[in-house]
Amino acid sequence: MTIGILGGGVSGLSLAYFLDHEHGIKQYEILEKHNEAGGLCTTFDKNGFKYDLGGHIMFSSHKEILDFEVNLMGENLHKKRRSNKIWFKKRFVKYPFENGLHALDKEDIFECLRDYVVNSHPKPTNVKEWFYYTFGTSISEKYMLPYNEKIWKIKPEEMGMGWVERIPKPPMEDVIKSAVGIETEGYTHQLYFYYPIHGGFQSVTRTFESKLKPGAVLTSKDVQAVYKENNKWVIETKDSKHTYETLVSTLSIFKLIKVLKENIPNEVIEAVNNLRYNSLAVVLVGLNKVKHSDLTAVYVPEKESLAHRYCFSAGFSDNLSPPGCSSIFAEITANGKKGFEGKSDQEIIDNTTGWLIKEGFIEKNDICETDIKHIKYAYPVYDSGYNENTKIIYDYFDKIGICLLGRFAQFIYMNSDVCILHAKKLATSIQSKVNA
Ligand SMILES: Cc1cc2nc3c(=O)[nH]c(=O)nc-3n(C[C@H](O)[C@H](O)[C@H](O)COP(=O)(O)OP(=O)(O)OC[C@H]3O[C@@H](n4cnc5c(N)ncnc54)[C@H](O)[C@@H]3O)c2cc1C
């Protein structure tokens, strides 16, 4: 039994780990296009300033997966308490917004509370309606809609209800308490989180890799063709050819459809082309002093800042920056098909640093380093065609026998914990096929 795993992100690595350590299957191999594994969990280093591809923290509502990850990481992990804020009308509001209402000015508190309590919005059929239905007019219009339009680059009325299942709904009591100034916490599944002490978030994938058999990950293997021959899957890269009995792809579905040299029905190609996704630019701002160690992330609904979220390295680990320094990394999304509307990297960096200076987070003289990275496939977008398109895709790959695993292969907005959960389940299902 040979198993080929395309892509060495957390999905591919954790699948190999479970095959090997939980099922004793050793006949696997991972093909990774870059010169190291990591995928979206990669941590970059610019002159000693380490930064993840956007704020990455370890948390999970799946206790068994979180326990597993904590155990896997051993000593190289510490537990932190979230200190996220929203920057609203030049002041901090505790995150999530509905748990921080007391920080607003009195008129805003009154409007938010009134519209939350007296809310006759009808049952929702899309995300915009869901905000109105769940939070009332004022919370929706002051924060939820502007912030979500900014990150998703799509009108909330064009987003389907599949996405809102991810958003925890606050108990009514908590919203009222927050308005009158009694402390409450929302999104409690990530109030406390873990983060590697050393090496940034990529330590998670490095740890998985370190537990695999030597040579399990073949790097600089950019998959260029996938086809079936004599009932086996053949994979071609620029300089090699591999044959597997079982194939798992963690590549983005967009890439897989391009390299798959089979007779793919038009309906499937169309379904893939119809999927909507967002790209991401991550800007590093290295500072020559330690700043904002009391913050983890700041969410910004206003349009003047291109970034919707700023993460503060000192809130995650002291070891992400050279001694005496710290950094901020900003996340800026773009519609995947339109890109950054002609904005150059320098313009994006200038907007980030300019906004941070203007709003008083840093001074110009604090900045000693900047950098930018682009991620083409960052966020699957749950538009109204999402369920129909993904069903067509899943059915087809199920039929031809390629297992899809991971964020952009399955096209599910999932964090690394759920990637690991899916990998664990897939390893069990592969094992049962071996036994059959
Ligand atoms: C901004 C942002 C913030 C996030 N925050 C968190 C967080 O706080 N906590 C959390 O747990 N998760 C977070 N996530 C999600 C997490 O990063 C992903 O769920 C996870 O990394 C996806 O792993 P994957 O292996 O499925 O995909 P990927 O990491 O995308 O792996 C796919 C791999 O395939 C390789 N590949 C692509 N094309 C080819 C080819 N042709 N040939 C060979 N290899 C190829 C890629 O190089 C890559 O290594 C965040 C994601 C983003 C974008």
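Let us start at the ligand, where a backbone N or O atom of Val-10 lies 3.2 Å from one of the ligand's oxygen atoms. Keep in mind as you look around that this is a predicted model. Two more backbone contacts are worth finding on your screen. At Met-414, a backbone N or O atom sits 2.7 Å from an oxygen atom of the ligand. At Val-223, a polar backbone atom is 2.8 Å from a nitrogen atom of the ligand. How much of the ligand's accessible area does the protein cover? On its own the ligand has 1,000 Å² of accessible area, and the protein covers 93% of that.

Now widen the view to the residues around the ligand. There are 31 of them, and the ones that come nearest are Ser-11, Glu-32, His-56, Met-414 and Ser-416. By character, this shell divides into 13 nonpolar, 12 polar and 6 charged residues. Which helices and strands supply at least two residues each to the shell? They are α1 (10-23), β18 (367-381) and α11 (416-435).

From here we can turn to the sheets. A little background helps: strands of a sheet pair through backbone hydrogen bonds, and they do so either parallel or antiparallel. You can find both kinds of pairing in this protein, beginning with the parallel one. Five strands, written in the order β9-β2-β1-β13-β19, form an open sheet with parallel pairing. Why do β9 (217-218) and β19 (402-404) each have one side without a neighbour in the sheet? Both stand at the edges with a single partner strand, so one side of each is left free of a neighbour. For β9, look at β2 (residues 28-31): the two strands pair in the parallel sense over 2 bridges. Within this pair, Leu-31 stands opposite Leu-218 in β9.

Follow the chain onward and you come to Ser-220, in the loop between β9 and β10. This residue has a positive phi of about 55°, although it is not a glycine.

The next sheet is antiparallel. It is an open sheet of 3 strands in the order β10-β11-β12. Here β10 (225-229) and β12 (241-244) are at the edges; each has a single partner strand, so one side of each lacks a neighbour in the sheet. From one strand to the next, the twist averages 25°. To see the pairing up close, take β10 and β11 (residues 232-236), which are joined in the antiparallel sense over 5 bridges. One facing pair to look for is Val-226 and Ile-235, the latter in β11.

Finally, step back to the domains. The assignment gives domain 1 as 3-39 + 201-275 + 384-435, and domain 2 as 96-184. How many Å separate the centres of domain 1 and domain 2? Taken over C-alpha atoms, the separation is 38 Å.

One last stop is Pro-96, in the loop between β7 (91-94) and α3 (106-117). The peptide bond that runs from Tyr-95 to Pro-96 is cis, with omega near -10°.

Definitions and conventions. Residues numbered from 1 in each chain as written. Predicted model: local features only at pLDDT ≥ 70, side-chain atom pairs only at ≥ 80, totals over all residues. Heavy atoms only, no water. Near = heavy atom within 4 Å. Polar contact = N/O pair within 3.5 Å; in protein donor to acceptor, adjacent residues only side chain to side chain. Areas by Shrake-Rupley, 256 points an atom, 1.4 Å probe, with all protein chains shown as cover. Helix = DSSP H or I, 4+ residues; strand = E, 2+ residues; numbered from the N terminus. Nonpolar A, V, L, I, M, F, W, Y, C, P; charged D, E, K, R; others polar. Pairing = 2+ DSSP bridges. Axes fitted to C-alpha atoms, helices over the stretch in contact; angles between N-to-C directions. Domains from an automatic or database assignment.
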